[in-house]
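Me: Could we walk through this model term by term? I would like to see what stands behind each word.

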Amino acid sequence: MIVLVAPPARTGRAGGARQSLVAIAQVRLMVLALLFAVGMVFIIGRLAVLAIMAEPARAAVQLTGLGARGDITDRNGQPLARTVDGWSLAIHPDRVIGDRSALAKQLAQLIPEKTEAQYFVLLNTGSKFAWLKRRAGPELVKAVNALGEPAIEPMREPDRLYPQSTMAAHVLGYVRSDGTGGWGMEGALNQRLQGEGARAAPVALSIDMRVQGALENELARSMVSFQAKGAAGVILDVETGEVVAMASLPTFNPNAIAGPIPRNNMTQSRYELGSTFKPIAVAAAIEAGTIKSMAKRYDATEPIKIGRFTINDDHPLGRFITVPEVLIHSSNIATARIADEMGREPLERMFRAMHFDRKLSLEVENEGPLWPGDWGRTTTMTAAYGHGISVTPLHLACAYAALVNGGLWRPATLLRIEPGKAPAGERVISAETSLRIRELLRLIVTEGTGSKANAAGYRVGGKTGTAEKLGGGGYLKNQNVSTFAAAFPMDAPRYVVIAMLDSPIGNAESAGQRTAGWTAAPLVGRLVTRVGPMMGVIPDPNRDIALGAYGNLVAQEDKEKASDR
């Protein structure tokens, strides 16, 4: 019998090899585990570093301070300015991984605020954070994201939105990138809008968005039609001083400010407003006792020569005229004679009472008047018809409110006034004189130079004013400021309307004329028809202020509706 036995040495070698393979596998697993652990530590560390490096971006967002900024509304609660979540684009130049030259070119195409060269310099600064675009639109954010550069970071931050775009831009102003109001009511209300709990308490302005839109539309229409350099307008509540609408053209978009902001022609530009001053001079003469009767006649037969100056009329009447005719025909000659007879003191006192000698206490930026340096006889005569003294159109609006509301001057305001809270006002003329002026202003529209402002049923009264512009050391014969100062309804005045065009050019619509009777007066007529019902004034063809007493004081042959100063 044969027995086979495996050699012991062979069996030992096989078992040892198997154990060696197991040991090697275990070592490899340990190495892999260690490498995985090291990788995880690296990733976690990298994330921590990125979080620390991103801190400046969060700090930059917090600098805007817009999170608690209150809304601004119109008098009816419609939003004019509000804070929303917006987009901004930032970049971390030290983390750019793509071709910096190509990226600079792409950014210059998408965000042209900087040139390609400027972007290239920015990308090579090695800085940790830089803004590419604040207040970026969603489409821009999408396009920049498509570049695929991980160093670019879209960010959400509070943004100031003006939902009505350019509407009331000069009233609202804008907010700086640091979250503070930089101009307009945003600047004036800065503390109030940033106060604790501000988001829960919007600030209501006196502006009516509907009326504002109509005013801006009519101003723009006339500015384009007459190729004017600028335009301005205001609608003022004569009982409270509230500005229901105020506009200046050219305007700007506070959502996307590009370049310098145009001046507010209503509050920052001063003009010699010409014949719109004549009713104020007549009111001063009535108060002073110079005019005791509307039937009093003044010599308008020939120009007045005083020193080196000559005062004349554009449409000479060549006769003596009554007080109503002085305003109906807008006679410089007769107005100068009234002022000369009255003397300096009463006229200057009236102008000061109307605040023509100081800056208005309006909330937004405004300029003070240019007060005459020499109040001699010539200045007294010319200032009566609006030459030699410059004021803002808003000064004129406040003065006309006092002329027609019973004689009380009140400061204009852009904040809504609660019913019964209007300031008492300063008496500047008597209620009786105010009534006479209202009658005369209505007569100017029914019989005189303001006839094209006669909106049916609204009983508009007002005065035209066409004054040569100052420039180059003197008056510019081919450029004027055309203004119509109005109020309605004249039997119970509620609103003053001022419309002004800077350097209009006559066209077919105005029969080639550029004077206020042909340019500014029709503008006011259209505007009143549009906004009257919005403000609770319903046209009534059966109502009017009584004008019967003036029938015999206006020559029938001179009742043509001519355009004048």
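Reply: Gladly! Buried means under 20% relative accessible area, exposed means over 50%, and partly exposed is in between, with a 1.4 Å probe and protein chains only. Helices (H or I, at least four residues) and strands (E, at least two) are DSSP runs, numbered from the N terminus. This is a predicted model, in which local features need pLDDT of at least 70 and side-chain atom pairs count only at pLDDT 80 or more, while totals for chains, interfaces and linings use all residues. Residues are numbered from 1 along each chain as its sequence is written, and side-chain values use heavy atoms, with hydrogens and water left out.

Me: What makes up the protein in terms of helices and strands, and how much of it is buried?

Reply: The protein has 17 helices and 18 strands. Of its 565 residues, 52% are buried. Its accessible surface (Shrake-Rupley method, 1.4 Å probe, with only the protein chains shown counting as cover for residues) comes to about 25,100 Å², and carbon and sulfur atoms hold 56% of that. Contacts (heavy atoms within 4.5 Å) add a view along the sequence: of those with a separation of 6 or more, 73% join residues 24 or more positions apart.

Me: Why is α10 called largely enclosed by the rest of the structure?

Reply: Helix α10 spans residues 278–288, and nine of its 11 residues are buried, so the description fits. The buried ones are K278, P279, I280, A281, V282, A283, A284, A285 and I286. They pack against the helices α11 (323–328), α12 (332–342), α13 (344–353), α15 (393–404) and α16 (431–447), and against strand β16 (461–471). Just after α10 comes G289, with a positive phi near 85 degrees.

Me: How do you know that the buried residues of α4 line one face?

Reply: In α4 (residues 116–123), the buried residues are Y119, L122 and L123. Viewed down the helix axis, they fall within an arc of 95 degrees, so they share one face; the arc is that of the directions from the axis to the C-beta atoms. An α-helix has 3.6 residues a turn, so residues three or four places apart point the same way. On the face turned away from that buried side sit A117 and V121, which are exposed. The cover over the buried residues includes β2 (79–91), α3 (100–110) and β3 (130–136).

Me: Why is K105 called buried, partly exposed or exposed?

Reply: K105, which lies in α3, counts as partly exposed because its relative accessibility is 45%. Its C-alpha is 10.0 Å from that of Q118, a residue 13 positions away in sequence.

Me: What makes a space a cavity, and how many are there of 30 Å³ or more?

Reply: On a 1 Å grid over the protein atoms alone, a cavity is a set of points where a 1.4 Å probe fits but cannot get out, and lining residues have an atom within 4 Å of a point. Points are joined across faces, edges and corners, and the volume is the space filled by probe spheres set on them. By this rule there are two cavities of 30 Å³ or more. The largest has a volume of about 40 Å³, and its lining includes H170, Q212, E216, M246 and L249. Two or more lining residues come from each of α6 (169–172), α9 (209–225) and β9 (243–249), with β9 giving the most, four residues. The second largest cavity also holds about 40 Å³ and is lined by L360, S361, L362, C398, W409, P411 and A412.

Me: What backbone values make S330 and S503, or the bond from L249 to P250, worth a look?

Reply: Most residues other than glycine have a negative phi, and most peptide bonds are trans. S330, in the loop between α11 and α12, has a positive phi of about 50 degrees; at 0% relative accessibility it counts as buried. S503 has a positive phi near 60 degrees and sits in the loop between β18 and α17 (520–531); at 7% it too counts as buried. The L249 to P250 bond is cis, with omega near 0 degrees, and P250 is in the loop between β9 and α10. Another cis bond joins F488 and P489, with omega about -20 degrees; P489 is in the loop between β17 (474–488) and β18 (495–502).

Terms used: On a 1 Å grid over the protein atoms alone, a cavity is a set of points where a 1.4 Å probe fits but cannot get out, and a pocket is an open set with protein on both sides within 12 Å along at least five of seven lines; lining residues have an atom within 4 Å of a point.
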